[in-house]
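Hi,

Here is the structure I promised to hand over. My notes follow below it.

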Amino acid sequence: TFKLKQKIAAMIKDRGYPMVLNVVLHRYNIDHIKEILEMAEGLGADYIELANTQYYGWSLVNRDQLMPKKEQVLHAEKVTNEFRERIGNKMKIFFVVPDYYDDRPKKCMNGWGEVFMIVTANGDVLPCHSARVIPNLEFPNVSNTDVKQIWYDSPAFNKFRGTDWMKEPCRSCSEKENDLGGCRCQAMLLAGDAESADPVCSKSPNRHLIDQAIKDTENPGLEAKPIMFRSNKNSKKISEGEEKERLAKFHALP
């Protein structure tokens, strides 16, 4: 309950720990950004990250329902900047803009195999949280492989490390060191090719997929569709192809 969260927040402050809040933003709560910031200030948060939804997994399945309109994002950013100016250094505020509304991709995970290593519950080691969406990649496991060997020598961690793997337009792009080609998982999910340019990039031949998603935010028919929540039943529907039509556009090639 919210009262319990308030109680825990008070305990954190009483013990002198820094308090960090993370709020995931989407179409249905982004217009309440002022109230969210006021709540964080009231709780005594030291940091708050306003993280717009990243469209992977179940959020991608429900993108039509969750993705805010551009004017919503711009308004939320304006309110955030005004709030930040008012409170100064009292609380650090990070506003993570959804990359769909940019024309250059994010340097996802600060680069594949550059900083992050995720060890899953069964011991598999991944370069990023969503790496399993990329087919034909075998991920090493800490139960039978040394962590140092995994980081430096495993094919999975070296697959998209650096820039040698790049195809055009990334290979000859003057900005490739800045974004390292963007997100490999997003390229796979939207364009069907993990080695292609992140579709968010205006130089990508698949940018039209992002533009269509933005256009779809203005379609009341798509917005009105019910959200598909994660459950065994819905997972089975997807795995058995009952949601094939709904998901097809996310994997469509131009």
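Which loop does Pro169 lie in? Pro169 sits between helix 7 (155-158) and helix 8 (176-179). Helices (H or I, at least four residues) and strands (E, at least two) are DSSP runs, numbered from the N terminus. The bond leading into this proline, from Glu168 to Pro169, is cis, with omega near 5°. A second backbone point is Asn110, a residue other than glycine with a positive phi, near 60°. Asn110 lies in the loop between strand 3 and strand 4 (118-119). For context, most residues other than glycine have a negative phi, and most peptide bonds are trans.

Some ground rules. This is a predicted model, where local features need pLDDT of at least 70, side-chain atom pairs count only at pLDDT 80 or more, and totals for chains, interfaces and linings use all residues. Residues are numbered from 1 along each chain as its sequence is written, and side-chain values use heavy atoms, with hydrogens and water left out.

Overall: the protein chain has 13 helices and 5 strands. Its radius of gyration (taken over C-alpha atoms) is 20 Å. The globule rule (2.2 Å times the number of residues to the power 0.38) gives 18 Å for 254 residues, which is close, so the chain is as compact as a globular protein of that length. The C-alpha trace spans about 50 × 50 × 45 Å along its principal axes.

Now the sheet. It is open, with 3 strands in the order 1-2-3 and parallel pairing. Two strands pair if DSSP finds at least two bridges between them. Strand 1 (20-25) and strand 3 (92-96) are at the edges with a single partner strand each, so one side of each has no neighbour in the sheet. Strand 1 is joined to strand 2 (residues 47-52) by 6 bridges. One bridge pairs Leu25 with Asn52.

Two helices pack on it, with contact meaning heavy atoms within 4.5 Å. Helix 2 (residues 33-43) lies across strand 1, strand 2 and strand 3, at about 155° to strand 2. Helix 5 (residues 70-87) lies across strand 2 and strand 3, at about 165° to strand 3. Angles run from 0 to 180 degrees between N-to-C directions, with axes fitted to C-alpha atoms, for helices over the stretch in contact.

Last, the lining of the largest pocket. A pocket is an open set of points on a 1 Å grid over the protein atoms alone, where a 1.4 Å probe fits, with protein on both sides within 12 Å along at least five of seven lines; lining residues have an atom within 4 Å of a point. Strand 2 gives the largest share, 3 residues.

Best wishes
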